[in-house]
Amino acid sequence: MKEQYLIKICGTQLSDGEENSVELTTKGSYAIRGESYYISYKETEATGYEGCTTTVKLDATGKVTMLRFGAAASELVIEPGKRHICHYETGHGALTMGIAANEVLANLNEQGGELKFSYDLDINSNPFSRNIVNISVREVQ
């Protein structure tokens, strides 16, 4: 796939009364296959996962799957009404976490659009953080 889309990812993590945010704007690819949307981009040094590729998939049921390929491989599943146990590679070791979705809001079409989702993350069933992710996709002009 050609990297002909401008992808902006804003992530916020709320934990122990503190808020940490990261923003990444990069070129990547965007595709619709069947009833699913795929957003893919290369991670950078700023995210701490340089050399990895992340793909975000939104399916017709509203389930979001985030897949990271490379040295720090991971898979997170964010699905309203369900808690998923997911594998997450930190670069310092692997974690098994619980992911419970709060919301998934999507306004995607052939040209791009917006995807927002939030979820609560727990480690060993102990609450860890609330995470909010906003992704915008626009065709490069």
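What share of the contacts in the protein chain with a separation of 6 or more comes from residues 24 or more positions apart? The share is 34%. This report describes a predicted model, moving from the overall fold to a group of aromatic rings.

## Fold and dimensions

The protein chain contains ten strands and zero helices. Read from the N terminus, its elements therefore follow the order β-β-β-β-β-β-β-β-β-β, where a strand is a DSSP run of at least two residues.

The C-alpha trace of the protein chain spans about 45 × 35 × 25 Å along its principal axes. The radius of gyration of the protein chain is 15 Å, which agrees with the value near 14 Å that a compact globule of 141 residues would have.

## Burial, surface and charge

Of the 141 residues in the protein chain, 42% are buried. The protein chain exposes about 8000 Å². Carbon and sulfur atoms supply 47% of that exposed area.

The protein chain carries 13 positive and 19 negative charges. The mean positions of these two sets of charges are 5 Å apart.

## Aromatic pairs

A pair of aromatic rings is described by two quantities, the distance of the centres and the angle of the planes. Three aromatic pairs are counted in this model. One of them joins Tyr5 and Tyr30, whose ring centres are 5.3 Å apart and whose planes meet at 65°, an edge-to-face arrangement. This pair links distant parts of the chain, since Tyr5 belongs to strand 1 (residues 5–15) and Tyr30 to strand 2 (residues 18–33), with their positions 25 residues apart in the numbering.

Are the two partners buried or exposed? Tyr5 has a relative accessible area of 7% and is therefore buried, the limit for burial being under 20%. Tyr30 likewise counts as buried, at 7% relative accessibility.

Tyr30 also pairs with Tyr37: the ring centres are 6.4 Å apart and the planes lie at 20°, so this pair is stacked. The cut-off for stacking is an angle under 30 degrees, whereas edge-to-face requires an angle over 60.

## The aromatic cluster

Which residues form one aromatic cluster? The cluster consists of Tyr5, Tyr30 and Tyr37. Within the cluster, Tyr30 takes part in the edge-to-face pair with Tyr5 and in the stacked pair with Tyr37.

Key. Residues are numbered from 1 along each chain as its sequence is written. This is a predicted model: local features need pLDDT of at least 70, side-chain atom pairs count only at pLDDT 80 or more; totals for chains, interfaces and linings use all residues. Side-chain values use heavy atoms; hydrogens and water are left out. Helices (H or I, at least four residues) and strands (E, at least two) are DSSP runs, numbered from the N terminus. The radius of gyration is taken over C-alpha atoms; the globule rule is 2.2 Å times the number of residues to the power 0.38. Buried means under 20% relative accessible area, exposed over 50%, partly exposed in between (1.4 Å probe, protein chains only). Contact means heavy atoms within 4.5 Å. Accessible areas come from the Shrake-Rupley method with a 1.4 Å probe; for residues, only the protein chains shown count as cover. Lys and Arg count as positive and Asp and Glu as negative; His and the chain ends are not counted. The place of a charge is taken as NZ of Lys, CZ of Arg, CG of Asp or CD of Glu. Rings of Phe, Tyr and Trp (its six-membered ring) pair if their centres lie within 6.5 Å; planes under 30 degrees apart count as stacked, over 60 as edge-to-face and the rest as tilted.
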